[in-house]
Amino acid sequence: MAELIIHRGTHQIGGCCTELSVNGNRILIDFGASLPGSEGSAPLSDQKLAEKVFDGRPAAAVLFTHYHGDHYGLFKRIPKDVPLYIGGIAKEILSVLVPYIDIDSEEKGMPRVKEMHPYRLKEWLELEHAPGIRILPLYVDHSALDSYMFYIEAAGKRILFTGDFRNHGIVGEKDRAWRTLRAYVPRNIDLLITEGTMLSRISTVRKGPWLDDKGDEHIPVRTEAELGAQARKLFLRSKYNFVLVSSTNLDSIMEFYHNTPPELPFVCDLYQARVILNAMQGMEHRGSFPMYYTPRHHPVLRVLGEESEKWDYWRKVGRRLRYPLKLQPVTEEELEQSGFVLLARKNSHPKDYTSPFEELRDTYFDRDGQIIYSMWDGYLEPEHADEALLNYIGNRKVVRLHTSGHTYVETIAKLIETVQPKRIIPMHTERAEEFSSIPEFAPWADRVKVLTDGKPLNLDEL
């Protein structure tokens with residue numbers, strides 16, 4: 001008997017966990033924490049999810065599609081005897097991210113991160129304790145670098161599980177997604193399980209910049225390449241540029257880096273430099289991705305803070321790159337005289353200390369400075385408000401320049417057309433019931449099946 005259970009994610013964005021079992025032998029895909037602000041409204045809390053999924057029954061493995069917290073965030077609650085799998089670059093990024101997140105946590109996550117098994121690109125994964133299931137990880141475009149969708153064969157059924165994906169970032173260029181799908185996923189598969197994040201964010205996109213009631217400037221873009229081109233124009237109009245972007249949204253970060261004018265230093269702290277270097281080092285082995293090379297006009301990455309022994313290892317990493325990158329401390333004189341493009345971050349502990357990003361903002365913002373906000377708008381709105389971000393921005397005007405980390409409707413339609421699934425299950429969406437009524441999906445409306453969290457789907461009956 002083969003079953004599919006989406007424990008959480010059929011009617012919400014984030015906090016995902018999916019189970020696939022054959023004759024009682026099961027694997028899990030993702031084990032994510034609820035997004036900030038949604039834990040109270042989720043049908044199943046993080047604690048209840050952990051208790052339900054790991055109730056004493058064995059599991060052959062947990063496969064993480066990527067390193068966003070709403071997909072891997074509950075990893076410390078997974079029993080120690082359950083193997084964990086994730087992308088190789090993603091694992092290296094987590095090795096920087098997790099200790100930073102765990103500063104105030106008694107339970108440290110690094111021991112589990114070190115034990116994670118990296119996927120082998122385009123090689124089948126067959127697990128000893130899950131006979132009848134085999135998984136082919138396929139590298140995909142997403143705002144988390146080194147993300148995967150899974151082509152799965154289970155009990156004679158062919159399943160494509162997309163995870164979070166898109167086709168408008170750096171990895172999505174040159175039709176990589178469609179070439180991969182045509183090469184490794186047959187047509188007329190039995191089941192497509194697709195994310196639908198953007199279905200709840202469909203809106204009319206204005207063609208040009210505009211100001212809202214607060215005076216904030218909005219510059220709509222759809223692709224990471226468009227984001228980079230607009231960023232270059234913005235950097236040329238202000239001397240002091242504060243960029244608020246997720247520290248692990250590497251596509252956007254590399255666009256900002258490459259599009260920083262030669263006369264402006266590109267500045268970050270050592271934590272961010274480590275994330276960037278891990279990404280650049282890992283991407284050298286993934287093919288030709290020039291945006292992950294060191295920019296010719298910026299072969300030096302300026303880093304906040306004084307040099308220490310911690311710099312030595314990362315300097316070696318930079319020197320070993322195909323196009324070497326040098327780490328160099330940035331001086332106060334250089335910041336003032338030359339200006340900067342600064343990858344800034346919120347301060348999550350404002351009562352305990354003042355961050356260097358706040359000090360630089362207070363010193364330079366009113367002297368020809370601008371804040372560029374490159375994150376989801378929802379974090380600035382009451383329902384999902386991020387107080388630390390709001391505190392950093394204060395009453396200052398911002399320029400909103402961001403592209404989605406998730407797939408657009410027309411991309412999902414092209415995916416369906418490419419693999420021609422017999423059944424389609426939407427997840428990671430707040431509009432599952434409306435999926436079949438969206439015009440772009442009309443040709444396949446009769447194939448859509450909406451599931452309920454926790455309710456098994458018998459794959460033998462497909």
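Helix axes are lines fitted to C-alpha atoms over the stretch in contact, and the angles between them run from 0 to 180 degrees, taken between N-to-C directions. With that in hand, welcome to this predicted model; a good place to start is its helix packing.

## Helix 8 and its partners

Two packed helices are described by the angle between their axes and the distance between the axes. For helix 7 and helix 8, the axes lie 11 Å apart and the angle is about 100 degrees. Helix 7 is therefore roughly perpendicular to helix 8. On the helix 7 side, L250, I253 and M254 make the contact, and they meet Q272, V275, I276, A279 and M280 of helix 8. Sorted by class, this contact has 7 nonpolar residues, 1 polar residue and no charged residues.

Now look at helix 3, residues 88–101, beside helix 8, residues 270–283: their axes come within 9 Å and cross at roughly 170 degrees. Helix 3 and helix 8 are therefore roughly antiparallel to each other. From helix 3, the residues taking part are I89, E92, I93, S95, V96, L97 and Y100, and they meet Y271, R274, V275, N278, A279, G282 and M283 of helix 8. This contact of helix 3 with helix 8 counts 9 nonpolar, 3 polar and 2 charged residues.

## Two helices inside the structure

Helix 7 deserves a second visit. It spans residues 250–258, and 9 of its 9 residues are buried, so helix 7 is largely enclosed by the rest of the structure. Its buried residues are L250, D251, S252, I253, M254, E255, F256, Y257 and H258.

Helix 13, residues 409–419, is also worth finding: 8 of its 11 residues are buried, so this helix is largely enclosed by the rest of the structure. The buried ones are V409, T411, I412, A413, L415, I416, T418 and V419. They pack against strand 10 (157–161), helix 5 (176–184), strand 11 (191–195) and strand 21 (423–427). Just after helix 13 comes Q420, with a positive phi of about 45 degrees.

## The nonpolar cores

In soluble globular proteins, nonpolar side chains tend to be buried together. Here, the largest nonpolar core has 107 residues, of which F31, F64, L145, I152 and L250 touch the most other members. Helix 8 supplies the largest share of this core, with 9 residues. There is also a second, separate core of 25 residues, and L138, L160, W178 and F441 are among its members.

F75 is a handy residue to explore next. It sits in the loop between helix 2 (69–72) and strand 5 (84–86). Is F75 buried or exposed? With 4% relative accessibility, F75 counts as buried. Setting aside residues up to four places away in sequence, F75 touches F31, F64, V98, G109, R112, V113 and M116. F75 and A50 are 25 residues apart in sequence, and their C-alpha atoms are 9.7 Å apart in space.

## Aromatic pairs

The structure holds 18 aromatic pairs. In one of them, the rings of F242 and F340 have their centres 5.3 Å apart and their planes at 85 degrees, so the pair is edge-to-face. This pair links distant parts of the chain, with F242 in strand 14 (residues 240–245) and F340 in strand 18 (residues 340–344), 98 residues apart. F242 is buried, with a relative accessible area of 0%, and F340 counts as buried at 1% relative accessibility. Elsewhere on your tour, look for Y85, Y119, Y139, Y148 and F150, which ring pairs link into a cluster.

## Two residues with positive phi

Two loop residues round off the visit. D368 lies in the loop between helix 11 (356–364) and strand 19 (369–374), while H428 is in the loop between strand 21 and strand 22 (457–458). Neither D368 nor H428 is a glycine. Their values are set out here.

| Residue and phi | Relative accessibility |
|---|---|
| D368, phi about 80 degrees | D368, 42%, partly exposed |
| H428, phi about 55 degrees | H428, 1%, buried |

Key
Residues numbered from 1 in each chain as written. Predicted model: local features only at pLDDT ≥ 70, side-chain atom pairs only at ≥ 80, totals over all residues. Heavy atoms only, no water. Helix = DSSP H or I, 4+ residues; strand = E, 2+ residues; numbered from the N terminus. Parallel < 35°, antiparallel > 145°, perpendicular 65-115°, else oblique. Contact = heavy atoms within 4.5 Å. Nonpolar A, V, L, I, M, F, W, Y, C, P; charged D, E, K, R; others polar. Core = buried A, V, L, I, M, F, W, Y, C linked by side-chain atoms within 4.5 Å. Buried < 20%, exposed > 50% of the residue type's maximum accessible area, 1.4 Å probe, protein only. Phe/Tyr/Trp six-rings, centres within 6.5 Å; stacked < 30°, edge-to-face > 60°.
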